[in-house]
Amino acid sequence: MIPDLVPLILVLVGLAAVASLLVPVAQRLALPHSVLLALLGIALGALAAWVGAGGLGGPDSASALVRTLTTVATERVTSEVFLTLFLPVLLFQTGLVMEVRRMMDDIAPILVLAIIAVLVSTFVVGLALAPIAPVGLLACLLLGAIIATTDPVAVVGIFRDVGAPRRLSILVEGESLFNDAAAIALFVVLLGALSYGGGMSVWEGTWLFATGFLGGVLFGVVIAYGAAFLMRPLRGHALAETAISVALAYVSYIAADKLLGVSGVVAVVTAALVFGATGRTRVTPESWRSLTALWDHLGYWAATLVFLFASMLVPRFLQDISWTDLGLVAVTVAAAFVARALVLYGLLPLLTVTGLANRVETAYKTVILWGGLRGAVTLALALAVTEDPMLPADIQRFVAVLATGFVLFTLLINGTTLRPMIHFLGLDRLSPLDQALRDKAVSLALDNVGEKLGGIAASYHLSPSAVEAVNGWYDRRRSTVDAEGQGTALPLSADDRVRLGLVTLAGHEEVLYLRHFGDLTVSRRTLITLLAKAGRLRDAAKTGGSVAYRRAARDSLQFRIEYQAANWMQRRLRIDRWLAFKLADRFESLVISRIVLEELMVFIHIKLRGLLGGPVTADLKSIVQDRIDSCRAALEALTAQYPGYALALEQRFLNAAGLRFEAQEYRTLFEESVINQEVHGDLQTAVTATWRTLGRRPRLDLGLSAEALARRFDLFMDLDSATLNEVVSTLSPVLATPGEVLMVRGERGDFMYFIASGALQIDTGDRQLILGSGQFFGELAILTGRRRSATVTAIGYCQLLRLSGRDFRRFAKRHPELRNRIRVIATDRMTDLFSAAPKTVSGTSPRKAAE
């Protein structure tokens with residue numbers, strides 16, 4: 001019987017409303033919201049069972065709402081509803097907001113808790129129950145997999161309320177995210193084996209689990225990047241971008257599970273993590289905030305309804321429970337906690353000993369052990385077992401009763417005592433470092449508030465007595481804070497305070513890059529590179545302090561493997577476009593990095609000086625200034641070679657800033673009712689259209705035309721067109737980068753270079769010579785057949801023409817006059833190299849020669 005639509009809508013909305021009203025009740029009682037939801041769901045399930053058994057005259061005599069509630073509780077709540085309608089939303093929302101970088105800091109313990117712990121729990125529970133259970137080992141293992149799933153909603157809510165450490169929340173949320181994926185994948189394997197009479201070998205089951213899990217990971221990655229590709233033309237259309245994310249959650253789950261035969265849970269988790277990690281660089285900051293806000297709402301509704309519906313199943317599952325069943329539940333509870341303790345206190349310390357993970361404190365382990373609550377997913381999987389017609393009734397009842405009993409134990413016992421346990425362990429209190437930071441932050445904030453209150457009072461002509469009273473209250477608060485903190489410095493050494501400052505700077509650097517992305521002053525592709533760089537700086541500062549941070553900063557200016565590959569393609573295959581593309585990326589990255597680093601200097605002075613102290617601030621400024629100098633030098637080297645492109649990038653930056661200011665002015669005029677909505681919309685459309693024209697990053701011309709470069713040389717000026725074309729056909733354009741070694745002393749060489757622009761240093765070991773535009777090098781090895789007599793290094797970016805020895809000899813036979821001219825110049829250079837003193841071109845310095 002399908003309930004009428006109107007009563008069904010009223011029941012769903014009414015349930016959601018009542019569940020929302022339980023939030024302040026839960027806060028008042030200091031209980032997890034999910035515990036009250038479970039009690040409400042059990043009560044509603046009991047009501048439905050009573051009505052179905054003839055209470056109130058039976059379903060036919062009850063009101064439409066009661067009949068609908070009875071139908072929902074007894075017929076409409078199926079495992080398919082849980083797993084297809086609600087589960088993708090719950091998993092995607094958790095993965096979307098997960099701090100992936102922080103999760104990766106603890107990925108080893110998270111994976112142990114999520115995957116290894118599932119296997120351990122499954123086998124420990126199964127082996128503990130098998131000797132005393134009325135069913136076989138395979139059914140006991142199935143139960144172990146079902147109760148291995150954890151529900152972090154209640155636990156994380158408690159953490160948030162009491163202010164538990166963020167690392168503890170990351171461990172619990174990360175465990176739950178991967179735990180559900182692993183447990184459900186294992187559940188599918190065991191259910192299939194049990195449904196078909198256990199005719200599946202261990203190796204077949206292992207293969208099915210592995211392929212389902214890894215296939216889900218692969219499909220999740222592919223579909224997440226596919227969704228990101230679809231969002232590219234939707235930039236700025238927040239509703240459309242959000243719709244793509246919702247479609248991604250369901251399509252990843254359904255396509256993986258129903259079409260590909262791999263784990264849909266793993267697919268949706270992977271898709272959420274990939275989408276969440278890259279999403280901020282795909283959409284505008286405003287759209288990202290809207291998207292995550294919508295998913296918070298969807299996650300809340302899904303979690304609320306799924307908990308209520310799952311709890312409605314409890315009376316049905318426990319209607320004929322016996323004392324024997326209670327004994328089996330007790331064994332299940334004990335075995336599950338023993339399995340979890342084995343992983344927490346046995347395997348996690350091994351990760352620390354082997355250096356695979358940072359130490360997890362004992363207090364954290366205790367909370368994780370006691371906070372492993374079970375909930376809706378466990379009940380949904382138990383419901384799936386009861387709906388499987390291939391399973392005997394005794395197995396269905398065994399799984400339903402024990403899974404439900406275990407869920408109730410964790411909710412009513414663990415859930416209600418977790419908050420006092422956290423308080424007893426002291427995890428609801430700030431660490432000495434955090435407390436010192438808090439006191440300093442409050443003191444600085446109160447100082448700023450006092451100054452601003454004076455300005456407001458003067459602007460609005462408020463009475464001096466009111467100002468004096470309020471300022472007095474703030475002064476007393478400041479005195480209290482200073483007295484509690486005793487005005488002491490942070491409980492850290494100077495090196496640790498520098499480390500803390502650098503980690504803070506790296507985090508703020510990410511914020512600034514995202515802000516510039518929102519202001520349209522940096523492209524998405526460059527933003528990804530810059531965020532990755534800031535992440536590496538943060539990791540380096542955390543692990544190695546200032547030394548590692550400086551090293552990571554230097555490495556960030558090196559040419560990456562993508563550039564090296566593009567350079568190889570240009571030199572070997574004469575494909576210039578990719579190299580121009582990567583060099584333009586480097587140009588943009590350096591421009592934005594320099595701007596952000598200068599903003600960091602201001603941030604240090606204004607925000608960090610009061611928190612970390614003057615000496616530490618000076619060290620931080622010195623480190624950032626070194627980065628500014630290195631960045632400026634790298635940018636100047638590029639600008640010297642491509643000044644026009646540098647100018648174009650600066651103009652693009654200013655265009656973006658100007659259009660942003662223009663849009664803000666229009667917005668202000670609209671909010672102040674100077675212009676109406678129609679005018680404001682038209683002006684915004686005009687700004688958007690202008691940006692589409694002016695905001696495109698200009699293309700970089702590498703200037704590597706062999707003919708154009710050859711015409712710069714006096715050596716080729718007197719050649720007729722045919723001869724020049726013959727020469728050009730043998731020359732290969734090359735763009736050398738600063739510091740690149742083009743030749744090494746002592747090696748055999750069969751090629752030479754002509755310098756069209758830039759400067760290079762020739763080093764014989766005890767003599768150095770600087771060569772500039774219009775000159776050539778490498779000819780001596782070709783002319784004499786000897787090994788290279790010097791090492792040649794590019795000082796800056798250089799446009800070169802490469803000529804192989806074979807082409808040189810063939811061309812010299814037909815044009816002996818050019819061969820002679822090259823020989824004369826080579827002889828003069830040999831004289832310079834082995835003269836009494838080092839010489840440079842025209843007596844200039846290497847930097848001047850490069851210019």
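**Exercise 1. Two positive phi values**

In which loop does S673 lie? Give its phi, then treat H461 in the same way.

*Solution.* This is a predicted model.
- Step 1. Find S673 between two helices: its loop runs between α25 (643–671) and α26 (677–694).
- Step 2. Read the backbone. S673 is not a glycine, yet its phi is positive, about 65°.
- Step 3. Recall the background. Most residues other than glycine have a negative phi.
- Step 4. Check the surface. The cut-off for exposed is over 50% relative accessible area. S673 has 62% relative accessibility, so S673 counts as exposed.
- Step 5. Turn to H461. This residue sits in the loop between α18 (432–459) and α19 (464–485). Its phi is positive too, near 55°, and H461 is not a glycine.
- Step 6. Apply the cut-off again. H461 counts as exposed because its relative accessibility is 72%.

**Exercise 2. Confidence**

Which element of the protein has the lowest mean pLDDT, and which the highest?

*Solution.*
- Step 1. Start with the whole protein. The mean pLDDT is 82, and 90% of the residues reach 70 or more.
- Step 2. Rank the elements. Helix α32 (residues 846–850) is lowest, with a mean of 33. Strand β7 (residues 791–794) is highest, at 93.
- Step 3. Look at the weak stretch. The pLDDT is below 50 over residues 836–851. In the model this stretch has 26 contacts beyond near neighbours in sequence.

**Exercise 3. Overall layout**

How many helices and strands does the protein have? Add its extent and its burial.

*Solution.*
- Step 1. Count the elements: 32 helices and eight strands.
- Step 2. Box the C-alpha atoms along the principal axes. They fill roughly 115 × 85 × 60 Å.
- Step 3. Take the burial. Of 851 residues, 49% count as buried.
- Step 4. Take the contacts between residues at least 6 apart in sequence. Of these, 80% join residues at least 24 apart.

**Exercise 4. The nonpolar cores**

Which residues have the most contacts inside the largest nonpolar core?

*Solution.*
- Step 1. Size the core: 146 residues.
- Step 2. Name the best connected residues: F82, F92, L129 and F398.
- Step 3. Find the main contributor. Helix α9 (residues 166–195) gives the most, 17 residues.
- Step 4. Follow L129. Outside its neighbours within four places in sequence, L129 contacts C140, L143, L328, V331, T332, F398 and L402.
- Step 5. Note the second core. This separate set has 85 residues, including L505, L531, V596 and L735.

**Exercise 5. A helix pair**

At what angle do α13 and α17 pack, and which residues make the contact?

*Solution.*
- Step 1. Set the pair: α13 spans residues 285–317 and α17 spans residues 393–425.
- Step 2. Take the geometry. The angle is about 125°, and the axes are 10 Å apart.
- Step 3. Classify. Roughly perpendicular covers 65 to 115 degrees, and roughly antiparallel means over 145. The angle of about 125° fits neither class, so α13 and α17 are oblique.
- Step 4. Assign the hand: the crossing is left-handed.
- Step 5. List the contact. From α13 come F307, V314 and F317; from α17 come A400, V401, T404, L408 and L411.

**Exercise 6. I110**

Is I110 buried or exposed?

*Solution.*
- Step 1. Locate I110 in helix α6 (residues 107–129).
- Step 2. Its relative accessibility is 0%, so I110 counts as buried.
- Step 3. List its partners, leaving out residues up to four places away in sequence. I110 touches M103, I170, L171, G174, E175 and F178.
- Step 4. Compare sequence and space. I110 and C140 are 30 residues apart in sequence, and their C-alpha atoms are 26 Å apart.

Notes
Residues numbered from 1 in each chain as written. Predicted model: local features only at pLDDT ≥ 70, side-chain atom pairs only at ≥ 80, totals over all residues. Heavy atoms only, no water. pLDDT = per-residue confidence, 0-100. Helix = DSSP H or I, 4+ residues; strand = E, 2+ residues; numbered from the N terminus. Contact = heavy atoms within 4.5 Å. Core = buried A, V, L, I, M, F, W, Y, C linked by side-chain atoms within 4.5 Å. Buried < 20%, exposed > 50% of the residue type's maximum accessible area, 1.4 Å probe, protein only. Axes fitted to C-alpha atoms, helices over the stretch in contact; angles between N-to-C directions. Parallel < 35°, antiparallel > 145°, perpendicular 65-115°, else oblique. Left-handed = near helix turned anticlockwise from the far one by under 90°.
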